[in-house]
Amino acid sequence: GEGPRIATWNANGLAQTAKVSALLREAKRQKWDALLVQEVKWSEESERQARNTARVCGFEVFASRGSSAHQGGAAIFVWADSETVKVTGAQQRVTVASDGNMEMRGVCVVPVTIEGLKSRLVSLYIPPEKRLQSWYLRKIKEGKVLRRDDIVGGDFNCVADADADAHRLDGGQYDPKCGAMCETILAECGLADTFRLYKGVL
């Protein structure tokens, strides 16, 4: 039969109930088993409303809000009736031991099985500010946050090759050091960029 269908998307804001509902209707139409979303920009109240909407639409939702209701955050939606992707436990809280077990906001991790194989879905948002970006990448690397059997969807706000991978309309530049660090983290975890696997270099 058809394998699992897992999508990733930067929402650039998902606080409105109508937007959540439209997204999940499209997910059902496309037969997505799971959706990894970044930049949800949820407050406590908008997250509560999103959970209610997801429940009505037949999805489980997991979330890690950003540092404020106006920035970042990540979420994972899993279709409750999926035959291939099954949630197997509670959302895993990602903490930084060196910083007093502070929670890493915007990093959402959910244990699942995919066609019977153990895995985890990971949706993460790394802030674009250079200082925060470096901190997040360092802590992800030091804490071994990502694993070989993870399915990761993320807005890293950095790219491996600024010339080949990006065209910014605002004329800004991505920090090559952060891009290189991100590539190193993925390589050390044994993870691969599926876009590059299927499309090659732009």
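**View 1. Lys141 and Glu188 meet in a salt bridge.** In this predicted model, the side chains of these two residues come together with an N to O distance of 2.9 Å. Lys141 belongs to helix α3 (residues 130–142) and Glu188 to helix α5 (residues 176–189), so their pairing ties together parts that sit 47 residues apart in sequence. How open to the outside are the two ends? Lys141 is partly exposed, at 34% relative accessible area, while Glu188 counts as exposed, at 55%. If you wonder what brings such partners together, side chains of opposite charge can pair when their charged atoms come close.

**View 2. Arg65 forms a salt bridge with Glu47.** Here the closest N and O atoms are 2.5 Å apart. Look for Arg65 in the loop between β3 (59–64) and β4 (74–79), and for Glu47 in helix α2 (residues 44–57). The two residues are 18 apart along the chain, and the pair links distant parts of it. Is Glu47 buried or exposed? Glu47 is buried, with just 9% relative accessible area, whereas Arg65 is partly exposed at 27%. There's a third player to find too: salt bridges that share partners join Glu47, Arg51 and Arg65 into one network.

**View 3. Asp150 and Arg120 pair up between two strands.** Their side chains make a salt bridge, 2.8 Å from N to O. Asp150 is in strand β10 (residues 150–155) and Arg120 is in strand β9 (residues 117–125), 30 residues away in the chain. Both ends are tucked in: Asp150 is buried at 5% relative accessible area, and Arg120 is buried as well, at 6%. The bridges in these three views are among the nine salt bridges counted in the model.

**View 4. Four strands line up in an open sheet.** Which strands are they, and in what order? Going across, you meet β5, β8, β9 and β10, with mixed pairing. β5 (85–87) and β10 stand at the edges with a single partner strand each, so one side of each has no neighbour in the sheet. From one strand to the next, the twist averages 30°.

**View 5. β5 pairs with β8.** Strands of a sheet pair through backbone hydrogen bonds, either parallel or antiparallel. Which kind do we have here? β5 and strand β8 (residues 107–114) run in the antiparallel sense, pairing over three bridges. To get your bearings, start at Val85: its bridge partner in β8 is Ile114.

Key:
Residues are numbered from 1 along each chain as its sequence is written. This is a predicted model: local features need pLDDT of at least 70, side-chain atom pairs count only at pLDDT 80 or more; totals for chains, interfaces and linings use all residues. Side-chain values use heavy atoms; hydrogens and water are left out. A salt bridge is a side-chain nitrogen of Lys or Arg within 4 Å of a carboxyl oxygen of Asp or Glu. Buried means under 20% relative accessible area, exposed over 50%, partly exposed in between (1.4 Å probe, protein chains only). Two strands pair if DSSP finds at least two bridges between them. Axes are lines fitted to C-alpha atoms, for helices over the stretch in contact, and angles run from 0 to 180 degrees between N-to-C directions.
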